[in-house]
Amino acid sequence: MTAQEAYNQLDPKHWAKTSVSARLSLLKQIQQNLKTHANSLGETDARMKNDLIGQNAVSKAEGMGGTVMPMATTLMGITKLYESLLKGKMPQPNSIKEIDNNLFEAHVFPIHSKDKLAAGKQKGYLHIEGKPTQINPLDKPAGVIAISGAGNYSSSIEMAMALFLENKAVVHKPHQLNEATDVIWEKVFAPLIECRALAFCDADQGRALSQLDGLHSIYFTGSTEVAHAIQNVAKAPLVAECGGNNPCIIVPGKWSEKDIERQAIQIVSAGKLNGGAICGRPQTIITSKNWGQREQFLNELRKAITEETFACCSYYPGVEQTSEAFLQHQPSAEILKPENGKYNKSDCVLIPNLSEDDFAIKNEAFCQIFGEIPLDTSEDTGDFLTKATDFCNNKLLGSLGCMILVDNKTLKANEARVHQAIRELNYGGIAVNDIPPNIWLNGYLTWGGCGETTADFISGVGNFGNPLNFENVKKSVLINDFNATSFEFTNRKRVEHLVENVSYFNTDQSWGHFLKLAGQMTIDNLKGKDF
């Protein structure tokens, strides 16, 4: 179907007048359809990636991780919004407080009982510029949003956000990699197609989609270059998320050997996720040159890459050329082979001891490349964070995601200084003792760049998410305990069980699915490596 034909099928005014109760009914149908088609989505996504890899390396469960899980969590956050609206009120955060001049912090996760059980010590916050104001989505005017889907994941959660948070009908175009899964998404969202709120067009309709008359806006996830190209020809404003070179800031402290091993595994696991084709993956690790445990940490990173985490394959088109460019520009790069090179396209690259103006600082990898830069600072928390914040804001490419690791003792002694850094770091998603992709996966937070303009953006303009519908959200912050169960690729089956069970749990948050999730986690956490 052409973009214009898809647009013509829509009735945005009818959708804008659809009642809260009718929308809740549609959400329940879509969630049930998602559960029905979950296996097909996972299998289809995995098949696409395995065809590109040339080997059966990606499982159905991993495929669900890029399709079912993000959509399930997004729909659940939206459902909670509409359940509150049905009671005649907007959902409220746990708390709101002013944290700086005209800057407010809303504690928005976890709010609901089952989210609290699943979250553990995770807490999610929105930083809001100006007096916090919420907008009922049904008070927003009718219109149409065009969505150009991402290539690195085939769960276009922006569809649900545009429909239910912005009150807009949607034309969706898949990335060419995800045409097969889009056929299944049409089945999942069939109730919205039937009521003329949603229409799908073909993958080759990108330019035509951008030039449609009558659009409210265009949502895009992908490369910075393509985003600017769309903006140059588009007839509507662009909201875009485009990646970047994301930092992992290691605040100096006295870590135990187990801490060093566990956090190295967490960084490497996040960097291997989806073969490195994750916009929020940590790429550049920032240490203090004078941190006494730096060399030990780097050695644990090497070990985590090759021995402690399983191999993942970089399937995304063009990553071979990207990797070659990094190797050519960074002669100190180390090529490391997980599982002794058992799988195609699974090599990782570690580039320690970078300088501030290196190629690896100014470019995004989007594959399994890790860099490390030791800043010439003392181990003092304040001195280090001052230098690290300046470096991140002024040297690293982009403003999308930032990861901070700080042990509990250091955090307790320097809590105000760490929170000052969180406010000052120019990133749309900041994860403290957690990983930035978990912000994207959180149904109550936002995802996008921070403070960039349409003229020269790198990571994008605007943001996605925000089911509490606050205006003027600057960034999202996810804070966890340093000793919390980390994100680990140390056991394939455990990861597969976790992804499947979280996906099904968030389709309905039933006690049965919760007990299965919790029970399987308890069993799997007793197991060691399985590769």
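Phe 531 is partly exposed in this predicted model, because its relative accessibility is 31%, and the buried class ends at 20%. Its partner is Phe 310, which is buried at a relative accessible area of 3%. The two rings form an edge-to-face pair, with 6.2 Å from centre to centre and 85 degrees between the planes. Phe 310 sits in the loop between helices H14 and H15, and Phe 531 in the segment after helix H22, so the pair ties together parts 221 residues apart in sequence.

The whole structure has 18 aromatic pairs. Another of them joins Trp 291 and Phe 297: the centres are 5.8 Å apart and the planes stand at 50 degrees, so this pair is tilted. Trp 291 is buried, at 3% relative accessibility, and Phe 297 is buried too, at 1%. Ring pairs also link these two with Trp 255 and Phe 482 into a cluster.

Now to helix H12, residues 224–233. Which side of H12 is buried? Thr 224, Ala 227, His 228 and Ile 230 are buried. They cover an arc of only 160 degrees around the axis, which puts them on the same side of the helix. Glu 225 and Asn 232, on the other side, are exposed. The cover over the buried residues includes helix H11, strand E7 and strand E8.

H12 also takes part in the second largest pocket, giving six residues to its lining, the most of any element. That pocket holds about 820 Å³ of space. Its lining has 38 residues, and those nearest the centre are Gly 222, Ser 223, Thr 224, Glu 225 and Val 226. By class, the lining is made of 17 nonpolar, 16 polar and five charged residues.

Terms used. Residues numbered from 1 in each chain as written. Predicted model: local features only at pLDDT ≥ 70, side-chain atom pairs only at ≥ 80, totals over all residues. Heavy atoms only, no water. Buried < 20%, exposed > 50% of the residue type's maximum accessible area, 1.4 Å probe, protein only. Helix = DSSP H or I, 4+ residues; strand = E, 2+ residues; numbered from the N terminus. Arc of directions from axis to C-beta. Contact = heavy atoms within 4.5 Å. 1 Å grid on protein atoms, 1.4 Å probe; cavity = no way out; pocket = protein on both sides within 12 Å on 5 of 7 lines; lining within 4 Å. Points joined across faces, edges and corners; volume = space filled by probe spheres on them. Nonpolar A, V, L, I, M, F, W, Y, C, P; charged D, E, K, R; others polar. Phe/Tyr/Trp six-rings, centres within 6.5 Å; stacked < 30°, edge-to-face > 60°.
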